[in-house]
Amino acid sequence: MVLNPARLDSWAREIIVDPLAKGPLIEDRSNNRYLSPYGRQYPITNGVLDLRLLNNHTTPDQTRWSRGQSEYEEWSRSLIAGDHLKNYQSEIEQVREVYADMPVVGKCLDVGGHQGRLRQFLSAGQPYISCDPFIDVFADLEKQPNLLEAFPFLAEPVNFVCCDAEFLPFQSVAFDTVHMRSVIDHLLSPELALNEAYRVLGGGGGANRGSMGQREAGNARSPRCEVSRQGDAGAGRGQAIRGSSCVASYVCGTHSPHSRMRV
Ligand SMILES: C[S@@+](CC[C@H](N)C(=O)[O-])C[C@H]1O[C@@H](n2cnc3c(N)ncnc32)[C@H](O)[C@@H]1O
């Protein structure tokens, strides 16, 4: 049996927009694709909506990103043959304490969320979408019995969209949490991606809270993304967890105390 757990619930469909124009897309069911009003076409490939825009080599940076992403995907595929239960268990244990301290709240967008392993630490039924440019990320799940034993929910459908952090295909202020774990160092443009994360973060609307990065009064739609460390303890723990990963946990400019961004 081939497992392909990508799906899109109706609430997730409703907040999807064109990743560039941020306007609505038109579903073209007969041709298995989505269309933008200005003529761009987005295919659905093996059940996955492909909204990627980083698909050319116009600049050296783009070439470098594409090459890095291809190498990452190749490395990921090379792990399929290994399928070591102990590695997966240690992956879970290494971050358990972080999510116990800082539970993921509300509607969550997991940017660079891979197969959605974060579900390990979500509540039952918590609204969640993983988005990632790795379109084949669910390939050969059925060949990894130990992976499925460690993360049984991987066999269950998950909201998944193939896209880039720099061009998020979601309406503004649509999520309570934007989670980015071990992703920043993979991006073509961390600055664009953080601005996009800020854009899609929402919440109660209005109130800025003291300890977090804030929007300036009278400048509520500023594209500026103020990112501030949530606390030394969190950051230090994150660094320990992820070894060379540079960042652990940030809080982004927010509308409500529950709008958080984890990096
Ligand atoms: C080291 S993995 C981390 C996966 C997951 N967040 C986790 O912690 O298990 C990095 C992920 O970033 C994704 N990625 C790379 N470039 C990206 C981009 N421009 N936008 C979004 N995700 C990206 C990769 O495909 C990969 O799934």
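Select Ser66 first. Ser66 counts as partly exposed because 16 C-beta neighbours fall inside 10 Å, short of the 20 needed for a buried residue. The residue is found in helix 2. Add Asn56 to the selection: Ser66 and Asn56 lie 10 residues apart in sequence, and their C-alpha atoms are 8.1 Å apart in space. The model is predicted, so all distances here are computed from predicted coordinates.

Extend the selection to the whole of helix 2, residues 60-78. The end C-alpha atoms of helix 2 are 27 Å apart, which agrees with the 27 Å that its 19 residues should span at 1.5 Å a residue. Of these 19 residues, the number buried is 1, so helix 2 lies largely in the open.

Now show the whole protein chain, coloured by pLDDT. The chain has 6 helices and 12 strands. Buried residues make up 33% of its 263 residues. Among contacts with a separation of 6 or more, 65% join residues 24 or more positions apart. The average pLDDT of the chain is 81, and 76% of the residues score at least 70. Select residues 204-258, where the pLDDT is below 50; this stretch has 89 contacts in the model beyond near neighbours in sequence.

Next, go to the largest nonpolar core, which has 44 residues. Select Leu109, Val111, Val161, Val178, Ala197 and Val200, the members that touch the most other members. Then display the elements that each supply at least two residues of this core: strand 5 (48-49), strand 6 (108-111), strand 7 (128-131), helix 4 (145-150), strand 8 (158-161) and helix 5 (190-200). Helix 5 gives the largest share, 5 residues.

Turn to the ligand and select its shell. The ligand is surrounded by 20 residues, and the closest are Gly112, Phe134, Ala165, Arg181 and His186. By type, the shell divides into 9 nonpolar, 6 polar and 5 charged residues.

Two loop residues remain, both chosen for their backbone angles. Most residues other than glycine have a negative phi.

- Select Val173, in the loop between strand 8 and strand 9 (177-179). Val173 has a positive phi of about 45° although it is not a glycine. With 17 other C-beta atoms within 10 Å, Val173 is partly exposed.
- Select Ser182, in the loop between strand 9 and helix 5. Ser182 has a positive phi of about 60° and is not a glycine. Ser182 is partly exposed, with 19 other C-beta atoms within 10 Å.

Conventions. Residues numbered from 1 in each chain as written. Predicted model: local features only at pLDDT ≥ 70, side-chain atom pairs only at ≥ 80, totals over all residues. Near = placed C-beta within 6 Å. Nonpolar A, V, L, I, M, F, W, Y, C, P; charged D, E, K, R; others polar. pLDDT = per-residue confidence, 0-100. Contact = placed C-beta atoms within 7 Å. Core = buried A, V, L, I, M, F, W, Y, C linked by C-beta atoms within 7 Å. Buried ≥ 20, exposed ≤ 12 C-beta atoms within 10 Å, placed from the backbone. Helix = DSSP H or I, 4+ residues; strand = E, 2+ residues; numbered from the N terminus. Expected span 1.5 Å × (residues − 1).
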